[in-house]
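Please work through the exercises below with the sequence and the structure open beside you. Each task is followed by a solution that proceeds in steps.

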Amino acid sequence: MTNAACVLRHSRKLRNAQNILRDKPVILARWFSKEAFPSNNTGDDLSKIRQHGNLHGKKDGRFFGGNPRAFSSSAKDVNIFMISRTTRGNSVTGSVFSSPFLGSKVSFRRGFSTSDLPPHQELGMPSLSPTMTEGNIARWLKKEGDKLTPGEVLCEVETDKATVEMECMEEGYLAKIVHGDGAKDIKVGEAIAITVEDEDDIAKFKDFKPSASGSADEAKSPEPTPPKNEVAEPVCPPKKMDSKVEKAPPQSGDRVFASPLARKLAEDNNIPLSSIKGTGPDGSIVKADIEDYLASGKKGASSPATKAQGAPAMTTLDYSDLPVSQIRKITASRLLLSKQTIPHYYLTVDTCVDKLMDLRSQLNSLQESSGGKRISINDLVIKACALALRKVPQCNSSWTNDYIRQYHNVNINVAVQTDNGLFVPVVRDADKKGLSTISEEVKHLATKAKENSLKPEDYEGGTFTVSNLGGPFGVKQFCAIINPPQSGILAVGSAEKRVVPGAGADQYKFASYMAVTLSCDHRVIDGAIGAEWLKAFKGYIENPESMLL
């Protein structure tokens, strides 16, 4: 209560009210909390004290001076944490001041104790990336009943880009795991676990279920019944309900109204709904009508007529429905957004890679002798891209609605295909790093991507992307989709030997050429700028010694 005491001592309106800290700490805590309200079933409530105009121990000490909301409104933006106190044998709780929470973007929600449950904390699904709206629980590293200390890993969360470890922020005990291993599509902020401070309180949360806040808002209202065109009909004598006719009466717009279950049953038994008269509300077809139709044996009579009409027979397809991972969902949504909102255009150029391959052979000989890792063609391509971006910085930019943001760092994302989906880890400041460093970073990031252990800092902050389907897959040439918010991506094809004509009629030579295609955002990169970047890139590839300068 130290912070609350400071507020009282330095407030001119409250300077005569400090005894409340000694006598009414729980009630004061309720008034400091923006989520709690004065209790209605306690006889020593602060509201009653305020109505009498004095505090306990003070005969004429006015509490709020005619402004009953002055105290509570002064603390409405202060972060709170839970405390527990025993009063007259009953456990009660309130909220007191604490310093602002400066941890990660983990959602915490404190619960007040009741007659059944002690004070507890609901841990929500954290927001671990700017685009994350929901996540999956890969696995729990702690089990119910385990003691928690700050910094320990609670569980692994599968985000929209990678699998990230969720750390514990406070001491306590893991009382309840709401969503177990493999739980999917958990909204950000939704409770995934319950923690308590006392070990004795763990058993009380065995059957605990968090309250589903906002479920009523998310529930879809039933679809309204389509309006029926009322037509005056002559009064007829009542007919027997069990007598069915082959043809239903004409309905407005030739639409047949039937319940979903009746439609499904008719579809499974290949029954045309138009041959059944409904006995449901407003003449709609219900399940009983389909069952009576099947029982009457009329299905066999309608089958020849159906075949006589020459309707093609339904062929069943053999297929499997595969679950969609979180990374696949976000990849699909981002690429769809890219193609729908970014005006793509493509520039392709052939580059001679003979000198590049010779230089690579020389460098790998040095690497092997020194114990370093081999340098790949893709490492040289990344270096050439970075240097070309430094020479043509207009391509190292992003579009916003109000301005074009040009980056001073050259961070290259490298597309890596894994069994879990497509990842794009980033090599930061690639223009300032040597080929050996780039090679080691790419191999390390690719390994982490295949192990599904990339951290947010491993893939965020890229300014340009390289996608290579040539070396691993032998693709000759392709066009890649821009990775927003970037404005360019380079698609690298495979190298192939070609016959190059010489100066004379009978003169020719063989050379290896590699096709590369630059995808550009036309809002940021004009055609001439894109061509200038490709020219710079081609110069580095065909004269690789210049990259070492």
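The exercises that follow concern a predicted model, and they treat two helices, one strand with its partners, and one sheet.

**Exercise 1. The annotated segment and its helices**

Task: Describe residues 257–294 as annotated and as modelled, and determine how α7 and α8 are oriented to each other.

Solution: Begin with the record, where UniProt, in an unreviewed entry, places the feature "domain: Peripheral subunit-binding (PSBD)" at residues 257–294. In the model, this stretch is 45% helix and 0% strand, and its end C-alpha atoms lie 19 Å apart.

Next, take the geometry of the helix pair: α7 (residues 260–268) packs against α8 (residues 287–295) at an angle of about 25°, and the two axes are 8 Å apart. Since angles under 35 degrees count as roughly parallel, α7 and α8 are therefore roughly parallel to each other.

Finally, list the residues in contact, which are Leu261, Ala262, Leu265 and Ala266 on the side of α7, and Lys287, Ile290 and Glu291 on the side of α8. Sorted by character, the residues of this contact comprise five nonpolar, no polar and two charged.

**Exercise 2. A strand and its two pairings**

Task: Establish whether β5 is mostly covered or mostly uncovered, and identify how it is joined to β10 and to β7.

Solution: Strand β5 spans residues 134–140, and five of its seven residues are buried, so that the strand is mostly covered, where buried stands for under 20% relative accessible area.

For the pairing with β10 (residues 186–187), two bridges join the strands, which run antiparallel, and Glu134 stands opposite Lys187. For the pairing with β7 (residues 153–158), there are four bridges, and these strands likewise run antiparallel; here Trp140 has Cys155 as its bridge partner.

**Exercise 3. The six-stranded sheet**

Task: Work out the strand order of the open sheet, explain why one side of each edge strand lacks a neighbour, and place α12 relative to the sheet strands.

Solution: First write down the order, which is β12-β21-β20-β19-β15-β18, with mixed pairing. The edges are β12 (344–352) and β18 (426–427), and because each has a single partner strand, one side of each is left without a neighbour in the sheet.

Then examine one pairing inside this order: β19 (residues 464–468) and β20 (residues 488–501) pair in the parallel sense over four bridges, with Ser467 of β19 opposite Ala491 of β20.

As a last step, add helix α12 (residues 377–391), which lies across β15 (412–414), β19, β20 and β21 (508–521) and runs at about 150° to β19. Because angles over 145 degrees count as roughly antiparallel, α12 is roughly antiparallel to β19.

Conventions. Residues are numbered from 1 along each chain as its sequence is written. This is a predicted model: local features need pLDDT of at least 70, side-chain atom pairs count only at pLDDT 80 or more; totals for chains, interfaces and linings use all residues. Side-chain values use heavy atoms; hydrogens and water are left out. UniProt positions are given in the numbering used here, feature names are shortened, and annotations may be inferred rather than shown by experiment. Two strands pair if DSSP finds at least two bridges between them. Contact means heavy atoms within 4.5 Å. Axes are lines fitted to C-alpha atoms, for helices over the stretch in contact, and angles run from 0 to 180 degrees between N-to-C directions. Buried means under 20% relative accessible area, exposed over 50%, partly exposed in between (1.4 Å probe, protein chains only). Angles under 35 degrees count as roughly parallel, over 145 as roughly antiparallel, 65 to 115 as roughly perpendicular and the rest as oblique. Ala, Val, Leu, Ile, Met, Phe, Trp, Tyr, Cys and Pro count as nonpolar, Asp, Glu, Lys and Arg as charged, and the others, Gly among them, as polar.
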